[in-house]
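Welcome! Here is a short guided walk through one protein model, meant for someone meeting it for the first time. Please keep the 3D view open as you read.

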Amino acid sequence: MNDILKQMLSRYPMDTADARRNALYEVMQQVVLCGLYRGGFFSEAAFYGGTCLRIFHGMNRYSEDMDFTLLHKDSSFSLEKYFPAIIDECHLLGREVEITKKDKRNFGKVESAFLKDNTDVYNLSFTTEKSLKIKIEVDTEPPLQFETEERLLLQPFSFFTRCVTLPNLFAGKMHALVFRQWKHRVKGRDWYDFEWYVRNQVPLNFSHLQMRIKEFNGLEINRDQFTDMLKERLATTDIRQVKADVMPFVRTPHDLDIWSNDYFLQLAGMIRYE
């Protein structure tokens, strides 16, 4: 194994199969970010989503997918021009990678409806770890009115990643929590992230949330209407399914012991608005 890769992995617990898998995911995600930085990707795009929270804000759960948004709408954008930079960075760490664009005709109705027609999706498969596949989504015509900041990573070398700021990340998460339609299982990771935002007193950018709802779902709603929709989802979802989804991604499962429908309803009453 490459020395830099060994050093990066040494920061993580590797005592179980899940722990090793999660560590490999996160290290390779950082390598992908490094490649995108070298290629100049962050001059026109920003990182967001659960993986951004995990890597740059220390959220105590792992995340598999990588979500990006362009800074300006551009339906002609293509991630393919950044493939060589990603591949070169992986080669430096002794990893072979195959990058493929997913055919949206094969998406299920639920997935395609949530992603929109102008979200490109790619799979990065690391051939030396057959079970390791990272899905990358790039919103080429995103809802705007969000802010970004540069965040520093020190490995595999020092570089900056442009990230969506926390109040706007919170807006994206609340949109997912309320409007994501489930096919086979609840996305409990949305609930974990919601708890994280409230616990850390991150204010919610409701204006950006309204824009996301309008562009993704065609609805114009006020804060009271959104609160009602949120509470309906929090009150009626099977908490056992929520816990089962997120359990493989957390280091301390006992943190979930307090979870109940009432617990999340009380969290909803603690949301701070920007």
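Let us begin with a pair of strands. In this predicted model, strand 6 (residues 148–153) runs antiparallel to strand 7 (residues 159–164), and six bridges pair them. If you would like a place to start looking, find Thr148, whose bridge partner in strand 7 is Val164. The link from strand 6 to strand 7 is a hairpin of five residues.

That link holds a detail worth a closer look. Pro156 sits in the loop between strand 6 and strand 7, and the peptide bond that joins Gln155 and Pro156 is cis, with omega at about 5°.

Another backbone detail turns up in the loop between helix 7 and helix 8, where you will find Gln201. Although Gln201 is not a glycine, its phi is positive, at about 55°.

Next, a meeting of two helices. Two packed helices are described by the angle between their axes and the distance between the axes. How do helix 7 and helix 10 pack? Helix 7 (residues 188–199) meets helix 10 (residues 239–246) at an angle of about 90°, and their axes are 7 Å apart. Angles of 65 to 115 degrees count as roughly perpendicular, and helix 7 and helix 10 are therefore roughly perpendicular to each other. On the helix 7 side, Gly188, Arg189, Trp191 and Tyr192 make the contact, while helix 10 brings Ile239, Val242, Asp245 and Val246. Sorted by class, the contact of helix 7 with helix 10 has five nonpolar, one polar and two charged residues.

Arg189 also appears in the surroundings of another residue, Glu64. Where is Glu64 in the chain? Glu64 lies in the loop between helix 3 (50–57) and strand 2 (66–70). Leaving aside residues up to four places away in sequence, Glu64 touches Arg21, Tyr25, Gln29, Thr51, Ile134, Arg189 and Phe249. Take Gln29 from that list: Glu64 and Gln29 are 35 residues apart in sequence, and their C-alpha atoms are 8.4 Å apart in space.

Finally, let us turn to the spaces in the model. The count comes to one cavity of 30 Å³ or more. Which residues line the largest cavity? They are Tyr48, Thr69, Phe146, Val164, Asn168, Leu169, Gly172, His208 and Arg212. Helix 6 (166–179) and helix 8 (206–217) are the elements that give two or more residues to this lining, and helix 6 gives the most, with three residues. You may recognise Val164 in the lining, since we met Val164 as the bridge partner of Thr148.

The second largest pocket is lined by residues that include Pro13, Asp15, Thr16, Asp18, Ala19, Asn22 and Tyr62, together with Met247, Pro248, Val250 and Arg251. The table sets out the volume and lining classes for each space.

| Space | Volume | Lining residues by class |
|---|---|---|
| Largest cavity | about 70 Å³ | four nonpolar, four polar, one charged |
| Second largest pocket | about 150 Å³ | six nonpolar, two polar, three charged |

Technical notes
Residues are numbered from 1 along each chain as its sequence is written. This is a predicted model: local features need pLDDT of at least 70, side-chain atom pairs count only at pLDDT 80 or more; totals for chains, interfaces and linings use all residues. Side-chain values use heavy atoms; hydrogens and water are left out. Two strands pair if DSSP finds at least two bridges between them. Helices (H or I, at least four residues) and strands (E, at least two) are DSSP runs, numbered from the N terminus. Axes are lines fitted to C-alpha atoms, for helices over the stretch in contact, and angles run from 0 to 180 degrees between N-to-C directions. Angles under 35 degrees count as roughly parallel, over 145 as roughly antiparallel, 65 to 115 as roughly perpendicular and the rest as oblique. Contact means heavy atoms within 4.5 Å. Ala, Val, Leu, Ile, Met, Phe, Trp, Tyr, Cys and Pro count as nonpolar, Asp, Glu, Lys and Arg as charged, and the others, Gly among them, as polar. On a 1 Å grid over the protein atoms alone, a cavity is a set of points where a 1.4 Å probe fits but cannot get out, and a pocket is an open set with protein on both sides within 12 Å along at least five of seven lines; lining residues have an atom within 4 Å of a point. Grid points are joined across faces, edges and corners, and a volume is the space filled by probe spheres set on the points.
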